[in-house]
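This report walks through one protein chain, from its overall make-up to a few local details. Please keep the sequence and the model in view while reading.

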Amino acid sequence: KKQALERFFSRMNPMQQKAVFRVNGPLLILAGAGSGKTTVLINRIANMIHFGDAYNTTGQIFTEEESAFIQDYAEGRTDDGKRLAAIIGTRQVRPWNILAITFTNKAAGELKERIEKILGEEGRGVVAATFHSACVRILRRECANIGFTSSFAIYDTDDSKRVIKAAMRSLDIDEKMFPVKTIMSEISHAKDSMITPEEFSKDAVGDYFKSSVAKVYKKYQKELLANNAMDFDDIICHTVTLFENCPDVLDHYQNLYKYIMVDEYQDTNRVQFRLVSLLSQKFGNICVVGDDDQSIYRFRGATIENILNFEEEFGCTADDVIKLEQNYRSTQNILTCANKLISNNVGRKGKNLWTDCGDGEKVIVHKSMNERDEASYIARTITENNDNGRRWGDHAVLYRMNAQSNALEQAMIKASIPYKIFGGLKFYERKEIKDILAYLGVIANHADTFRLQRIINEPKRGMGDATVRTVLQVSSDLGEDPIYVMEHSTEYVPLAKKSKALTEFAFMIDDLTELSEAVTLPDLLDAVVEKTGYGALMKQQGVEGEMRLENIAELKSTMAKYEEDAEDPSLDGFLEEVALYTDIDTLDETGDYVALMTMHAAKGLEFPVVFVAGMEDNVFPSSRSRDSESELEEERRLAYVAITRAKEQLHLVYAGERMIYGSTQYNRESQFIKELPAENIDKQVPKLDTKPMGRPSDNISLGRQMAMYNSAKAKSSEPAETYSVGERVMHKKFGEGTIVGVTPMAGDTMLEIAFEKVGTKKIFANFARPKKI
Ligand code: ATP
Ligand code: MG
């Protein structure tokens, strides 16, 4: 407690304190990047639990004597907890009465962690969650009110796509005419605004496309309900529906979550607004923090009106709106660039951030020849920084599109830099993982026909599509789940022929369901892999199968970890966690590696060194946004988010030539670079040695990049180390080894090293710089 109290007294600036101490009523904290919004949110929670509303906005409601006591307590001169409680006790807020909502699971985890750090045990009770996980929590208990059972499944995009495809097929809607993706996004948009299938179809009269969407939408919702499943959008929509239909349920949650806080409020959509507004209606204690300049999810239905109308919607007075202007994250050069850039957007609530972090280094703008050259500049700079004592984890590389990560990833590998990509190829999108999860899904929820279809014949069990369709037909005719139907397949004429395979499968699922109640999750997983024959199938697939088994083993360790961490672990709980999981959440602060991610995923995070790759027209801003002023503004806000992630060093990198999606583009530097103030940036245009060299093999092209780099840096670079055959060296990643080959190449030297652990590898001397031992 002492530490926490000290924090309150000294660390926050006066405006931050005002926000921290104002406990009751609506509160809008509207402030720029890095001004401590999230920090305020956390401290505000700590204050509520410690002091409740004992402080007024100036921090002065105690008598002088009481203040002196609290000061003494804070500084450790007394530990009279009883007296402290007598002074502030009754006004405290119970942790479980606080609901703090953010956007990613990672942010939620961080919130929890920081709250616990300040409050210890007590902090655990606070519900810090994403919109989705907060709603799933509610729905698991209450969904019977809206026709689901508590083991409902959550369908991801891929699952939804299957359902929509099937719906289109049964409605005779041609995929070539209306792509599944288009229909999906129409439905998702409708849900963002809480438009029901009925309302949608009313609006669609006379419009062929829309009425087709309406039909699919209706069928889709019916299918989901029949499968006891929800998609991502439903999770929030259904919660709102639940609250609107069941006043007593709403009342319960209003009493439970008396204090509501939302971080990144600028990215909420209409449904999310409805949700917080319903929940906070009774007590009116709602605090939202956000930055209109960082609103980057409008394409997903986020509406800035939620911020702009907050004051009116929740009845704020001028005193309930707090602006923070001091930025604690970045140096002045970075901040000036961010301010200048965003000032080109019209229609914003203007604000100007300042910092006393000092000028720092200028923002580096670096031109590269192509995307490989760009990636190698980034890898090179990171290696240099690392040599100079920075951790790998101090670095983040941000880009506009996932497709850009490929070249960057390769450069990291070549330079032996530990890295992690967030987004892109996701663990949970791999076939074997989806298969195993589908098994677990069916074990948990026998009515989940879509997951069932995925695995019923995987491995092959001689059940064709026709059999499966019949099972589903009988199941829907009888209103029994398909596992039940299979078990009784001898009784249904159309299934009798296949009854052996069907009953076997059904009994296996039944056994596993029974087992799932008796054993730990990792044991259950082992049983699934064995009993279903999936493991045996993998073993027949050689190296490929081994890799898949390794991935399944990885899933097992995730389960074990889940079981350790979760309060009340269960199969349902695990599947839920997985369904809500996005890759960004694996950013584990303790591991030391460079983080590669899209700018969208970087929201709310901060890094000492940030690279923004692909700062060229048509990539960023994207070519799509060039014709629309509002889309261009959204791109500019995204640039603002990217730039303001950097604390100390910012590199904006672009390539004159870029191979993307299989074709080569030639682009100029981004207009966003042109919008930056010249005096705060340092433009580097290295003179490139463009003479063709040797065969265009991978290694040579790396060498060529090295040569270009070296010639650009010739004057400053120190004399390179020379190596000879037989010497022992230490490599950062590969460990110790002996040099077995030395070949001068393209201004560098290619070393062939026999490593003890990883065998012989070829590396570039100047690039990897193995240390002699
Ligand atoms: P974003 O808009 O990017 O989400 P934010 O407004 O939420 O940013 P925070 O992440 O809370 O900002 O804070 C940015 C940095 O400033 C953090 O490293 C935080 O620890 C630090 N910070 C915040 N307030 C103070 C303060 N009063 N004194 C010192 N450091 C502070
Ligand atoms: Mg924040």
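A residue is called buried if 20 or more other C-beta atoms lie within 10 Å of its own, exposed if 12 or fewer, and partly exposed in between. The model described here is predicted.

## Overall make-up

The protein has 33 helices and 21 strands. Of its 773 residues, 43% are buried. Among contacts with a separation of 6 or more, 74% are between residues 24 or more positions apart.

## The annotated binding site

An unreviewed UniProt entry lists A31, G32, A33, G34, S35, G36, K37 and T38 under "binding site". Two of the listed residues, A31 and A33, are taken up here.

A31 belongs to strand β1, which covers residues 27–31. Is A31 buried or exposed? A31 has 26 other C-beta atoms within 10 Å, so A31 is buried. With neighbours within four places in sequence left aside, the contacts of A31 are K37, D291, K323 and L324. K37 is itself on the UniProt list for the site.

A33 is in the loop between β1 and α3, the helix of residues 37–50. This residue is buried because 23 other C-beta atoms lie within 10 Å of its own. Which residues does A33 contact, leaving aside its neighbours within four places in sequence? They are D291, Q294, N327, A338 and T644. D291 thus appears among the contacts of A31 and among those of A33.

## Helix α11 and its partners

Two packed helices are described by the angle between their axes and the distance between the axes. Helix α11 spans residues 208–226 and packs with helix α8, residues 157–170, at an angle of about 125°. The axes of α8 and α11 are 9 Å apart. The angle is neither in the range from 65 to 115 degrees nor over 145, and α8 and α11 are therefore oblique to each other. Their crossing is right-handed. On the α8 side the contact involves V163, I164, A167, M168 and S170, which meet V216, K219, Y220, E223 and L224 of α11. By class, this contact of α8 with α11 has seven nonpolar residues, one polar and two charged.

Helix α9, residues 180–192, also packs with α11. Here the angle is about 70° and the axes are 10 Å apart. Angles of 65 to 115 degrees count as roughly perpendicular, so that is how α9 and α11 are placed relative to each other. From α9, the residues I183, E186, I187 and A190 meet V213, V216, Y217 and Y220 in α11. The contact of α9 with α11 divides into seven nonpolar residues, no polar ones and one charged. V216 and Y220 of α11 take part in the contact with α8 and in the contact with α9.

## An exposed loop residue

T490 is in the loop between α23, residues 482–487, and α24, residues 493–496. How many C-beta neighbours does T490 have inside 10 Å? The count is 12, so T490 counts as exposed. Not counting residues up to four places away in sequence, T490 touches A496 and S499. L502 is twelve residues from T490 in sequence, and their C-alpha atoms are 9.3 Å apart.

## Backbone details

Most residues other than glycine have a negative phi, and most peptide bonds are trans. Where does this model have cis peptide bonds? One runs from E458 to P459, with omega near 0°. P459 is in the loop between α21 (449–455) and α22 (465–478). Another cis peptide bond joins F620 and P621, where omega is about 0°. P621 lies in the loop between β13 (607–612) and α30 (629–643).

That loop between β13 and α30 also holds N618. Phi of N618 is near 80°, a positive value in a residue other than glycine. N618 has 18 other C-beta atoms within 10 Å and is therefore partly exposed. S416 is likewise a residue other than glycine with a positive phi, near 55°. S416 is located in the loop between α19 (405–414) and β11 (419–421). With 18 C-beta neighbours inside 10 Å, S416 counts as partly exposed.

Conventions
Residues are numbered from 1 along each chain as its sequence is written. Chains are lettered from A and ligands numbered from 1 in the order in which they are written. This is a predicted model: local features need pLDDT of at least 70, side-chain atom pairs count only at pLDDT 80 or more; totals for chains, interfaces and linings use all residues. UniProt positions are given in the numbering used here, feature names are shortened, and annotations may be inferred rather than shown by experiment. Helices (H or I, at least four residues) and strands (E, at least two) are DSSP runs, numbered from the N terminus. Two residues are in contact if their C-beta atoms, placed from the backbone, lie within 7 Å. Axes are lines fitted to C-alpha atoms, for helices over the stretch in contact, and angles run from 0 to 180 degrees between N-to-C directions. Angles under 35 degrees count as roughly parallel, over 145 as roughly antiparallel, 65 to 115 as roughly perpendicular and the rest as oblique. A crossing is left-handed if the near helix is turned anticlockwise from the far one by less than a right angle, and right-handed if clockwise. Ala, Val, Leu, Ile, Met, Phe, Trp, Tyr, Cys and Pro count as nonpolar, Asp, Glu, Lys and Arg as charged, and the others, Gly among them, as polar.
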